[in-house]
Amino acid sequence: MTAPITVVIPTLNAAQALPGCLGALMEGLGEGLIRELVISDGGSDDATAQLADEAGAQLVSGAASRGGQLRRGCAQARGDWLLVLHADTELAPGWAAVVAQHLQAGEQAPAYFQLRFRARGFWPVVVAGWANLRARLFALPYGDQGLLIPRAAYLAAGEYPDQPLMEDVALARRVRAHLGRFKPLQVLAYTSAARYQEEGWLRRGAANLWTLLRYALGADPATLARGYQK
């Protein structure tokens, strides 16, 4: 039986974070879940391409835009399911068994994992808790939580839009319209807290909420991306 999942990871100078992300995926091979790995790079000048080659990944290269990178990466997929991960996200041990159960149940529901930051303290718990609550209440999981989507539904929904920011929100809306709400999987997805630690948890969290609100009101993703990256 052919393994069902294509893993797609967008990268840009991700050599430091990528080994942890890839290492966590190994149990998926043992469970017979992962058919192939696609790394969609946006022009890295570090060792990202070398790491992709060592991992046996298919490397897709193009302009640096996460939506565009994901669209190109997913276009190469042959698996029945897409597992989209950010390079700085690591799935917790035991994830493969939970995903296998989800797939074996015959469900076609898209799913996401439970966000947890690789940081200690009050604010990491609060911010991650809000992200998980937002995903549950509004069916809007972000890419750093990891997304598991039937490829047929992804294609029917129109694929990732080629935009530099909020591509995960745009796709979640499209997929939800075709398949209904995303299902939360009871597996942690550990992601980097570097940006929050550099800018401050309150400041970065407030900026993220403001960006989401502006996008919901119709702001251009390219304009939002320029502000987000400052």
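A residue counts as buried when its relative accessible area is under 20%, and that cut-off will be useful at several stops on this tour of a predicted model.

Begin with Met-166, which lies in the loop between α7 (151–156) and α8 (167–179). Its relative accessibility is 9%, so Met-166 counts as buried. If your viewer can show backbone angles, look at phi here, which is positive at about 65 degrees although Met-166 is not a glycine. That deserves a pause, because most residues other than glycine have a negative phi.

Next, select Ala-139, another residue other than glycine with a positive phi, in this case near 55 degrees. You will find Ala-139 in the loop between α6 (122–138) and β7 (147–150), and with a relative accessibility of 1% it counts as buried.

Now show the sulfur atoms of Cys-21 and Cys-74, keeping in mind that a disulfide is a covalent bond between the sulfur atoms of two cysteines. How many disulfides does the structure hold? There are zero. For Cys-21, the closest cysteine sulfur belongs to Cys-74 and is 14 Å away, which is too far for a bond, since a disulfide would need the two sulfur atoms to be within 2.5 Å. Cys-74 is likewise in no disulfide, its nearest cysteine sulfur being that of Cys-21. Both places can be checked for exposure as well: Cys-21 is buried, with a relative accessible area of 1%, and Cys-74 is buried, with a value of 4%.

Move on to helix α10, which covers residues 201–216, and pick out Asn-208 within it. Is Asn-208 buried or exposed? With a relative accessibility of 16%, Asn-208 counts as buried. To see what surrounds this residue, display Tyr-196 and Tyr-228 too, for these are the residues Asn-208 contacts once its neighbours within four places in sequence are left aside.

Finally, zoom out until the whole chain is in view, and trace its eleven helices and eight strands. The radius of gyration is 16 Å, close to the 17 Å that the globule rule gives for 230 residues, and so the chain is as compact as a globular protein of that length. Rotating the C-alpha trace, you can follow its span of about 50 × 40 × 35 Å along the principal axes. Of the 230 residues, 50% count as buried. If you turn on the surface, you are looking at about 10700 Å² of exposed area, with carbon and sulfur atoms supplying 53% of it.

Key. Residues numbered from 1 in each chain as written. Predicted model: local features only at pLDDT ≥ 70, side-chain atom pairs only at ≥ 80, totals over all residues. Heavy atoms only, no water. Helix = DSSP H or I, 4+ residues; strand = E, 2+ residues; numbered from the N terminus. Buried < 20%, exposed > 50% of the residue type's maximum accessible area, 1.4 Å probe, protein only. Contact = heavy atoms within 4.5 Å. Rg over C-alpha atoms; globule rule 2.2 N^0.38 Å. Areas by Shrake-Rupley, 256 points an atom, 1.4 Å probe, with all protein chains shown as cover.
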